[in-house]
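Visitor: I would like to take a close look at a single part of this protein and then see what lies around it. Could you walk me through it carefully?

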Amino acid sequence: MFMGTVGEAANKEANRSLSEKKPTVVFVLGGPGSGKGTQCAKIVQHFGYTHLSAGDLLRAEISSGSENGTMIQNMIKEGKIVPSEVTIKLLQRAMTESGNDKFLIDGFPRNEENRAAFEDVTKIEPAFVLFFDCSEEEMERRVLNRNQGREDDNIETIRKRFKVFLDSSLPVIDHYKSRGKVRKIDAGRPVEEVFESVKDVFTSKNEKVKHHSCAWWKFNQHGLCFVRNKIPGKRVK
């Protein structure tokens, strides 16, 4: 009981420390084969973000052989869903240990319960959601190409994963869209063309971070921010 109390206190302290740093968090969402992993690697290289994959963190915890990892492994074997709080704690730990203050969180939140739990536990809202929008046909083609020789085994699995994404993740996207926080990228194009659009989003965002204390903001039809010098007594139309 005492150990549990100490652990809870430590978690609360870590939460408070992380939220006080006011890190920039970008949720990266897209179906299987949408190319988000490739684009995340480019964002890391060009903009200095730390890329955190919820799935990779869970797998790493299992591989570590820790008590927590064993619990996660057993839940997955039994077909149970890993509780949001478990994944969030792994994300928090990785964020704290990274020493960075800018994060791409890839493949999370997967559903509305994940989203609400993340904001409740961390007290952090994402700066925006980067949504890689791609047709089911194109995503299916890409995934099959990277799994050559196993098409018959994988096509149904791919379609199931796509359906899960639609059913679970689109409500998350709709939530943030209603708050003006979704940046939708046409991910059906070649990699470099997609990254040009991604760069536009992050360049605009960096300008906002850099100048927010001394500028008015205007949004164009794509939801991207452009700085306007503040003129006393006047408002940007």
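**A residue and its surroundings**

Guide: If we set aside the neighbours within four places in sequence, I155 is in contact with E140 and L144. Please keep in mind that this is a predicted model. I155 has its place in helix α8, which covers residues 151-177, and with a relative accessibility of 22% I155 counts as partly exposed, because buried would mean under 20% and exposed over 50%. One of its two contacts, E140, is 15 residues apart from I155 in sequence, while the C-alpha atoms of I155 and E140 are 7.6 Å apart in space.

Turning from this helix to the sheet, we find 5 strands that form an open sheet, in the order β2-β3-β1-β4-β5, with parallel pairing. The edge strands are β2 (50-53) and β5 (182-186), each of which pairs on one side only, and from one strand to the next the twist averages 25°. In general, the strands of a sheet pair through backbone hydrogen bonds, and they may do so either parallel or antiparallel.

Within this sheet, strand β1 (residues 24-30) and strand β4 (residues 128-133) run parallel and are joined by 5 bridges, and here V28 stands opposite L130 in β4. Helix α3 (residues 54-64) packs on the sheet, where it touches both β2 and β3 (102-106), and the direction of helix α3 makes about 70° with that of β2.

Notes: Residues are numbered from 1 along each chain as its sequence is written. This is a predicted model: local features need pLDDT of at least 70, side-chain atom pairs count only at pLDDT 80 or more; totals for chains, interfaces and linings use all residues. Side-chain values use heavy atoms; hydrogens and water are left out. Two strands pair if DSSP finds at least two bridges between them. Helices (H or I, at least four residues) and strands (E, at least two) are DSSP runs, numbered from the N terminus. Axes are lines fitted to C-alpha atoms, for helices over the stretch in contact, and angles run from 0 to 180 degrees between N-to-C directions. Contact means heavy atoms within 4.5 Å. Buried means under 20% relative accessible area, exposed over 50%, partly exposed in between (1.4 Å probe, protein chains only).
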